[in-house]
Amino acid sequence: MAANMYRVGDYVYFENSSSNPYLIRRIEELNKTANGNVEAKVVCLFRRRDISGNLNTLADSNARDFEEESKQPPITEQQKHQLKHRELFLSRQFESLPATHIRGKCNVTLLNETDVLTSYLEREDCFFYSLVFDPVQKTLLADQGEIRVGSKYQAEIPDKLAEGESDNRVQEKLETKVWDPDNQLKDSQIDQFLVVARAVGTFARALDCSSSIRQPSLHMSAAAASRDITLFHAMDTLQKNGYDLAKAMSTLVPQGGPVLCRDEMEEWSASEAMLFEEALEKYGKDFNDIRQDFLPWKSLASVVQFYYMWKTTDRYIQQKRLKAAEADSKLKQVYIPTYTKPNPNQIMAPGNKPGMNGAAGFQKGLCCESCHTAQSPQWYAWGPPNMQCRLCASCWIYWKKYGGLKTPTQLEGATRAGSESAPRGHMTRQEVQGMSPFTSSAGRAKLLAKNRQTFILQTTKLTRIARRVCQDILQSRRAARRPYASINANAVKAECMIRLPKASKSAIKNRPIPRPSLVNIVKELAVQAPLKLKAPRGAPTPINRNQASQPRSAPALLGKRPFDSGSYVGGHPFSTNGRPFMSSMRTTSQSVIKRQRVSHGDAPNPVVFVATKETRALRKHLTQAEMRRAARKPNIPVRVKIPLPPRPLPVPILPSSTSEPIVLED
């Protein structure tokens, strides 16, 4: 009964997915909704798998510093791997979750320098945190509530002086004397002087314009003058004047007028006090955040002093009563029965009921991905469905509670140095498709458009040597044709270490590839570059005013003619190269292939090849087979046989009409 009773302040497991690990949350409030259900307002705690790789590196650096400062005993690599599952990151993010999703309690504590890290591995459902994660800013900061224990923070107590030994230290450098109890004044005289100091303070507030606005009545001015700041000033005046009442009285009322002493309660305005109460409701007693976000013009000492003076006012007492009344109206605890429904990831043998699949599982020969056992009363599917990975019952519970496997595996990111990310099997469907080698390039580009990062694959010297020495095992050409097939690099390197002493010491000769220099390439490109066409001189083309009413398309904006806009002469279409359109030809508007539409923002810089008259004339001399061959192999020069021009026919010379005289007959 007590195990299923959850109260405010408990750290609990929440289940939001049947295959993902539990969420760890701290219950802040338990509220009853209008439907009669119970919702829990919780504080979010994050695991290492929930933060980025850069923040994981920062957390690793903080963990190494902690181990060096606290002098932790040496631990194994497996213990380091499991300790990462026990580390959490606190946050100030709140969310509301149904109370029916609670799956149990856990224990979360602040990591202390006196703690031994391996003690967390010995206890079940035990976690620790030392850093605070900001989900909005994506930062990791040290927790403000750290308990400072150790030689850096504790004072060293000197040895006790022996009897009769004098203290040779200079007392004025160690402390400042502010009051002498062995003075010549009586207690009644001191009390009378304090009454005079309060009266002077009341009179000073009456003369001050700002104080008369804040304390419009005499009672409020007298109450403000009776605060501790006035009494401290009066006693300090007596100490400075050697407890001479006459001198102290003249110091209280100098030539310019009475001295006015005000504390933080009087210095702060009503609007600043309201801001402080609002910040205190949001952040609690985190005075650094209160000052940074709400009162940046106040000093930290001023904020702390105002808080402790504000706690003595009636305003604080009223708010405390209101909070107590609200707490009485809210739920203190809630009973959640044990969740007994079967998990959808259970592997069931044919004909068996859920939970009764036995030790064989759904496929023989497979073992647990974490502990590599082959016997378990219950198996659970884990990882990508095509890989058919599974976990035993104990490792499944470990995965759900701690968000990882007991031993590092390739799927969980064991090959990634210094980082532990989410298992590939529990990524989103889009991420798995983006990593699959069978996904089309267009679909992968859409999936990875937001997550592109530059990376470099740099090989070591041993890897480069192994490519030459172990060519028969590596089969680089075959591996290049099948990049999705895995290569056992460890076996290749091991074989390379065996063959390396026996290999020939002579240098391997490479076949030189003649390549032209960069200068020659630039000159050749400059010669082959198309010339810019000059605009023909003549009368300007008249503007068609009816074009304003026509909608502009994207190609028209770029000044390009679409491919499907063919020329029409006399109602018959012509192709773009000037040849007549045949019935067997198909225009681009009739194309069956659906081309991918590329946005102009993502398109590369356009490269335009302008065909000259000579180029168009040469195309007509190429056959269809030669055109296809040139398109498939654009690097091979095209040889065109230009036929000789036909000989011009002899033009008969006609006699001129003016060579004979004109005869007119009557």
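**A tour from α15 to two surface patches**

Start at the end of helix α15: the residue that follows is Gly403, and its phi is positive, near 75 degrees. Keep in mind as you click around that this is a predicted model.

Now select α15 itself, residues 393-402. Which of its residues are buried? Show the side chains and you'll find Cys395, Trp396, Tyr398, Trp399, Lys400 and Tyr402 in that group. To see what they pack against, add α2, β7, β10 (379-381) and β11 (390-392) to the view.

Next stop is α2, so to speak: select residues 77-86. The buried residues here are His81, Gln82, Leu83, His85 and Arg86. Their packing partners include α15, where you just were, along with β5 (87-98), α3 (118-122) and β7 (126-134). Leave β7 on screen for a moment, as buried residues of α2 pack against it and so do those of α15.

Time to head for the surface. Select Leu518, Ile521, Val522 and Leu525, which make a nonpolar patch of about 390 Å². Ile521 sits in helix α22, residues 518-528. It counts as partly exposed because its relative accessible area is 33%, between the 20% and 50% cut-offs.

Last, go to Lys613, Arg616, Arg619 and Lys620. What kind of surface patch do these four form? A positive one. Lys613 belongs to helix α24, which covers residues 613-619. With a relative accessible area of 68%, Lys613 is exposed, since the cut-off for that word is over 50%.

Note on methods
Residues numbered from 1 in each chain as written. Predicted model: local features only at pLDDT ≥ 70, side-chain atom pairs only at ≥ 80, totals over all residues. Heavy atoms only, no water. Patch = residues over 30% accessible without salt bridge, like charges linked within 9 Å, V, L, I, M, F, W, Y side chains within 5 Å. Areas by Shrake-Rupley, 256 points an atom, 1.4 Å probe, with all protein chains shown as cover. Salt bridge = Lys/Arg side-chain N within 4 Å of Asp/Glu carboxyl O. Lys, Arg positive; Asp, Glu negative; His and termini not counted. Charge placed at Lys NZ, Arg CZ, Asp CG, Glu CD. Helix = DSSP H or I, 4+ residues; strand = E, 2+ residues; numbered from the N terminus. Buried < 20%, exposed > 50% of the residue type's maximum accessible area, 1.4 Å probe, protein only. Contact = heavy atoms within 4.5 Å.
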